[in-house]
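This report describes a protein model for a reader who is new to structural biology. Please look at the sequence and the structure shown here before reading on.

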Amino acid sequence: MKLLISELARRADEFVALRRDIHQNPELGFNEHRTSELVAQKLATWGYEVERGLGGTGVVGQLRRGDGKARLGIRADMDALPIEEQSGKSYSSGNHGIMHACGHDGHTAMLLAAAKYLAEEGKFCGTLNLIFQPAEEGLGGATRMLDDGLFEKYPCDAVFAAHNAPGLPQGYLAFRTGPTMASSDRVMVTLSGVGGHGAMPHKAIDPIVAGASIVMALQTIVSRNVDPALVAVVTVGMFHGGTACNVIPDSVTMELTVRALDPDVRNTLESRITALIRSQAESFGVKADIDYKRGYAVLVNSPAETDFARGVALDLLGPEKVILHGPPVSGSEDFAFMLEKCPGCYLFIGNGFGEAGSICEVHNPHYDFNDANVAIGSAYWVGLAEKFLSDSPTA
Ligand SMILES: [Zn+2]
Ligand SMILES: [Zn+2]
């Protein structure tokens with residue numbers, strides 16, 4: 001399998017240029033019209049059956065070969081972020097205020113490079129479904145594709161995806177079984193009391209005091225209700241109330257972000273946050289309106305498919321460049337919803353340390369996908385597809 005890297009490296013120039021073209025023309029979630037058209041056209045040219053418009057601007061390319069029963073899904077995301085690029089690269093964003101600062105341009109290019117090789121020279125038997133997803137950045141493009149029948153139209157026995165990872169050496173692959181990325185929930189709270197004169201608090205019902213007490217009480221949830229060995233975050237990131245020192249306001253608002261790496265912990269956080277706010281508010285005679293919005297789920301890698309994905313990496317790179325059991329990541333990822341429907345694995349590909357040894361993180365205006373990964377990432381997808389869709393997948 002090691003030969004695949006040199007094979008894909010020989011063909012990488014075309015896809016490095018394509019990656020830079022996508023980088024120069026970034027599009028926000030559900031507006032990836034140019035990008036998805038480019039993807040769809042390429043796939044069609046290479047002989048894939050192509051469906052456009054799945055989940056808004058999503059694209060699926062399907063290639064069947066032989067009479068194999070196995071069905072594989074590989075997903076890449078295509079959207080950019082509302083950030084003004086400052087990388088100074090020759091191929092910097094041409095779209096004001098929009099930038100590929102999360103490397104999804106690279107994800108798209110790696111999967112396209114694999115798509116072309118698999119169509120022209122791939123040795124596989126079965127059904128290959130390449131899923132190009134819109135709107136990963138907070139807008140839930142994965143859910144839209146699932147709602148549009150992604151896995152009913154394109155059933156998959158397993159689904160895989162990768163994210164580039166700054167701070168991990170370039171070209172290294174990292175894996176983790178089980179909960180790997182955090183859930184992300186948002187809670188909006190309005191506390192309504194009775195406004196009045198700041199000098200006559202006994203004639204008012206003060207929502208600021210109630211809110212302050214709630215903020216402090218919320219701190220006890222992680223420390224008292226969650227197993228210390230598990231990850232949980234409750235942050236009150238916004239608290240607004242009042243206009244003058246001598247006025248007690250009618251109401252205050254606050255917003256929380258809530259993260260967990262375990263679905264049970266996530267449920268505990270929701271029930272405790274809700275109960276605590278309600279009972280605290282009641283004790284102050286204040287009315288609490290709570291809007292608890294569940295965002296992305298905990299991303300859970302299934303054991304068998306993660307072992308399979310590790311095995312492909314070991315065959316391709318050897319043990320020195322494969323991190324078998326990496327740490328969990330506190331960010332969130334809507335591929336979690338695909339993994340709720342279908343077993344699979346989300347893995348990380350090292351983007352290196354940036355220029356001058358500094359780590360430039362994703363969502364930073366200087367961030368750039370590492371083009372050396374076009375060959376490695378595409379070779380990995382080819383290796384994974386050929387092994388998964390071989391006549392004897394365990395061989
Ligand atoms: Zn991102
Ligand atoms: Zn991303």
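Four strands form an open sheet in the order β10-β12-β8-β13, with antiparallel pairing. The edge strands are β10 (232–241) and β13 (287–294), each of which pairs on one side only. From one strand to the next, the twist averages 15°. Two strands are said to pair if DSSP finds at least two bridges between them. Helices (H or I, at least four residues) and strands (E, at least two) are DSSP runs, numbered from the N terminus.

This is a predicted model, in which local features need pLDDT of at least 70 and side-chain atom pairs count only at pLDDT 80 or more, while totals for chains, interfaces and linings use all residues. Residues are numbered from 1 along each chain as its sequence is written, chains are lettered from A and ligands numbered from 1 in the order in which they are written, and side-chain values use heavy atoms, with hydrogens and water left out.

Within the sheet of four strands, β10 and β12 (residues 251–260) are antiparallel and share 9 bridges. Here Val 236 stands opposite Leu 256 in β12. Two helices lie across this sheet: α7 (residues 207–225) is placed over β8 (183–192), β10 and β12, and α8 (residues 263–284) over β8, β10, β12 and β13.

A second sheet is open as well, with 8 strands in the order β1-β2-β4-β3-β5-β16-β6-β15 and mixed pairing. Its edge strands, β1 (49–54) and β15 (322–323), each pair on one side only. Helix α11 (residues 373–388) packs on this sheet and touches β3, β4, β5 (158–166), β6 (173–174) and β16 (344–352); contact means heavy atoms within 4.5 Å. Helix α3 (residues 33–45) lies across β1, β2 and β4.

The table lists the directions of the four helices; axes are lines fitted to C-alpha atoms, for helices over the stretch in contact, and angles run from 0 to 180 degrees between N-to-C directions.

| Helix | Reference strand | Angle |
|---|---|---|
| α3 | β1 | about 165° |
| α7 | β10 | about 170° |
| α8 | β13 | about 165° |
| α11 | β16 | about 160° |

Strand β4 has two partners in the sheet. It pairs with β2 (residues 58–65) in the antiparallel sense over 7 bridges, and Val 60 stands opposite Ile 131. With β3 it runs parallel, again joined by 7 bridges; Ala 76 is the bridge partner of Phe 132, and Leu 72 faces Leu 128. Because 8 of the 8 residues of β4 are buried, the strand is largely enclosed by the rest of the structure. Buried means under 20% relative accessible area, exposed over 50%, and partly exposed in between (1.4 Å probe, protein chains only).

Where are the metals held? The zinc ion (ligand 1) is coordinated by Cys 102 (SG), Glu 137 (OE), Glu 137 (OE) and His 363 (NE2), at 2.0 to 2.7 Å. The zinc ion (ligand 2) is coordinated by Cys 102 (SG), His 104 (NE2) and His 163 (NE2), at 2.0 to 2.3 Å. Donors are N, O and S atoms within 2.8 Å of the metal (3.2 Å for Na, K and Ca); water is not among the atoms, so sites may look incomplete. Cys 102 bridges the two zinc ions, which lie 3.1 Å apart. This cysteine is buried, with a relative accessible area of 6%, and His 104 is buried at 0%.
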